[in-house]
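Visitor: Please take a close look at a single part of this structure with me. I am a first-year student and would like the cut-offs of any terms you use.

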Amino acid sequence: MADAPVQIKGLREFRNAVRKVDASMPKDMGRALKEISTDIVEKARERAQGLPGKASESFAGGLKAKSDQTAAKVTLDATRYPTLLGDEFGSKRYRQFQPWLGNQYQSPFESGPGYALHPTIRDESDNIDHKVTGLLDEWIARLATES
């Protein structure tokens, strides 16, 4: 599936510059970004509680919050939960899933498919923007006081 991130141009370069001033700050950046993805995962799991069948179980185990020092990520890991993608996108063939939502996948921030994760991302997009902007302000202020 294509990446559809909120892109912060220059974040990688900012992280590299920060490392020269405070070697621990990039790790703190990674932790802060993971909090954003963890929040999305928790809200998507809550939304999955209302889906039919065992969708809430597959979302509980297969939805993962991840991050690195420049990105917050959420993954749908269907290796141990093979019904996860059917629970998220539906199916034409298998009746245990909701109806198929189509192949119009563009971005999780635009209207489109999804029964739990993607609608959660769409609902939380303003909140994500607000949190990222706040983090950038915090990191710049911290860098200004330490340099």
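Guide: What follows is about helix H2 and its links to helices H1 and H5. The model is predicted: local features need pLDDT of at least 70, side-chain atom pairs count only at pLDDT 80 or more, and totals for chains, interfaces and linings use all residues. Residues are numbered from 1 along each chain as its sequence is written, and side-chain values use heavy atoms, with hydrogens and water left out.

Begin with H1, which covers residues 11–21. Helices here are DSSP runs of H or I with at least four residues, strands are runs of E with at least two, and both are numbered from the N terminus. The buried residues of H1 are Leu11, Phe14, Arg15 and Val18. Seen down the helix axis, these residues fall within an arc of 100°, so they line one face of H1. The arc is taken from the directions that run from the helix axis to the C-beta atoms. An α-helix has 3.6 residues a turn, so residues three or four places apart point the same way. On the face of H1 turned away from the buried side are the exposed residues Glu13 and Lys20. Buried means under 20% relative accessible area, exposed means over 50%, and partly exposed lies in between (1.4 Å probe, protein chains only).

What covers the buried residues of H1? The cover includes helix H2 (25–48) and helix H5 (117–146). H1 and H2 pack at an angle of about 140°, with their axes 8 Å apart. That angle makes H1 oblique to H2. Under 35 degrees counts as roughly parallel, over 145 as roughly antiparallel, 65 to 115 as roughly perpendicular, and the rest as oblique. The axes are lines fitted to C-alpha atoms, for helices over the stretch in contact, and angles run from 0 to 180 degrees between N-to-C directions. In H1, Leu11, Phe14, Arg15, Val18 and Arg19 meet Met25, Pro26 and Met29 of H2. The residues of this contact divide into six nonpolar, no polar and two charged. Contact means heavy atoms within 4.5 Å. Ala, Val, Leu, Ile, Met, Phe, Trp, Tyr, Cys and Pro count as nonpolar, Asp, Glu, Lys and Arg as charged, and the others, Gly among them, as polar.

Now turn to H2 and H5. The structure holds eight salt bridges, each a side-chain nitrogen of Lys or Arg within 4 Å of a carboxyl oxygen of Asp or Glu. One of them joins the side chains of lysine 131 and aspartate 39 at 2.9 Å, N to O. Lysine 131 lies in H5 and aspartate 39 in H2, so the pair ties together parts 92 residues apart in sequence. Lysine 131 is partly exposed at 28% relative accessible area, whereas aspartate 39, at 16%, counts as buried.

Another salt bridge is between glutamate 124 and lysine 43, at 3.2 Å, N to O. Glutamate 124 is in H5 and lysine 43 in H2, 81 residues apart. Glutamate 124 is buried at 15%, and lysine 43 is partly exposed at 28%.

Arginine 47 and aspartate 123 also meet in a salt bridge, at 2.4 Å, N to O. Arginine 47 is in H2 and aspartate 123 in H5, so this pair ties together parts 76 residues apart in sequence. Arginine 47 is partly exposed at 32%, and aspartate 123 is exposed at 52%.

Finally, Asp22, Asp28, Arg31 and Arg142 are linked in a network of salt bridges.
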